[in-house]
Amino acid sequence: MKKVGIVIGVASLMTLGFGLVTAHSANSNVLYAQAVGSKDSPNVRGSMVFITLASGDREVFVRVAGLEPNSGVYANHVHFSNQIPDASCEGQNGEDAIPLRNLVADARGTAMGYTYFAATELPDLPTGKLYFNVHSNKPKPIGDYIACGNVSTVTSGTP
Ligand SMILES: [Cu+2]
C-alpha cells in the first residue's frame, strides 16, 4: 500500500521549502482536475476546481460521485512532489499534499467539499505537476486512492 505523506499546516508547507516560489500576480488562476475511478473503484468520479483569487486567497471546490451511499468520510488532497517535477495519477508519486476538507458521502453516494485558504495560509504552490486524489476510507481512514485527476491550469485576466 502506498504511503501517503500529508502536509498539514502552513508551517509544514513552508519548511518543505519551495525555492520554486512564484510571486502573486494580479491575475486569477484556476486549476482544474477531472478525477476518474481507480481499477478497484471504477464508478467513483469527480471534479476539483482550485481558484487563486487576485488577493492571493484560494478557494477549492470538489464534487465526487459514485461513492457507496452514506459510506462516511473521505480524505482528499492535491498531491505533488518536492523531489520530482512530474508527479501524476499514473505514478501516484506525489509524496507531499495539500489537504482539502474531508468529503462526506450522502445517500446518493455524492459528496461536495469546499476549502478556503487565506493568502497567508498558503502563499505559494509547488511549481511541479499536481494531481487530485480521493482516498478510500477503509481499511484505514486514509487508504489507497479511489479516484484521481491530473491537474491542469487555466489563467485568465490581464497580464
Ligand atoms: Cu492524498
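Which residues coordinate the copper ion? In this predicted model, the answer is a set of three histidines: His77 through ND1, His79 through NE2 and His135 through NE2, at 1.9 to 2.0 Å. Written along the sequence, the donor residues follow the spacing H-x1-H-x55-H. The site thereby brings together distant parts of the chain, since His77 sits in strand 4 and His135 in strand 7 (residues 131-135), 58 residues apart. Both His77 and His135 are buried.

A second link across the chain is made by cysteines. The whole structure was searched for disulfides, and one was found. It joins Cys89 to Cys148, with the two sulfur atoms 1.9 Å apart. The torsion about the S-S bond of this pair is about -85 degrees, so the disulfide is left-handed. Here, too, the partners come from distant parts of the chain: Cys89 belongs to the loop between strand 4 (73-80) and strand 5 (96-104), whereas Cys148 lies in strand 8 (residues 145-150), and 59 residues separate them. Like the two histidines just described, Cys89 and Cys148 are both buried.

The early strands offer a good place to follow the pairing of the chain. Strand 1 (residues 29-37) is paired with strand 2 (residues 45-52) in the antiparallel sense, over eight bridges. Within this pairing, Ala33 faces Met48 of strand 2. Strand 2 also runs antiparallel to strand 3 (residues 58-65), and eight bridges join these two strands. In this case Ile51 is found opposite Glu59 of strand 3. Strand 2 and strand 3 form a hairpin with five residues between the strands, where Gly56 adopts a positive phi near 95 degrees.

Positive phi values also appear in residues other than glycine. One of them is Asn70, with phi near 50 degrees, in the loop between strand 3 and strand 4. Another is Gln92, whose phi is about 45 degrees; this residue is placed in the loop between strand 4 and strand 5, the loop that also holds Cys89. Are these two residues buried or exposed? Asn70 has a relative accessible area of 55%, and is therefore exposed, the cut-off being over 50%. Gln92, in contrast, has a relative accessibility of 11% and so counts as buried, the limit being under 20%.

A further backbone feature concerns a proline. The peptide bond from Lys138 to Pro139 is cis, with omega near 5 degrees. Pro139 is located in the loop between strand 7 and strand 8. Strand 7 is the strand that carries the copper donor His135, and strand 8 is the one that contains Cys148.

Lys138 appears again in the description of open space in the model. Rolling a probe the size of a water molecule over the atoms shows where empty space is left. The second largest pocket encloses about 350 Å³. It is lined by 19 residues, and those closest to its centre are Asp40, Ser41, Ser136, Lys138 and Ile146. By character, the lining of this pocket consists of eight nonpolar, seven polar and four charged residues.

How values were computed:
Residues numbered from 1 in each chain as written. Predicted model: local features only at pLDDT ≥ 70, side-chain atom pairs only at ≥ 80, totals over all residues. Heavy atoms only, no water. Disulfide = S-S within 2.5 Å. Helix = DSSP H or I, 4+ residues; strand = E, 2+ residues; numbered from the N terminus. Buried < 20%, exposed > 50% of the residue type's maximum accessible area, 1.4 Å probe, protein only. 1 Å grid on protein atoms, 1.4 Å probe; cavity = no way out; pocket = protein on both sides within 12 Å on 5 of 7 lines; lining within 4 Å. Points joined across faces, edges and corners; volume = space filled by probe spheres on them. Nonpolar A, V, L, I, M, F, W, Y, C, P; charged D, E, K, R; others polar. Donors = N, O, S within 2.8 Å, 3.2 Å for Na, K, Ca; no water. Pairing = 2+ DSSP bridges.
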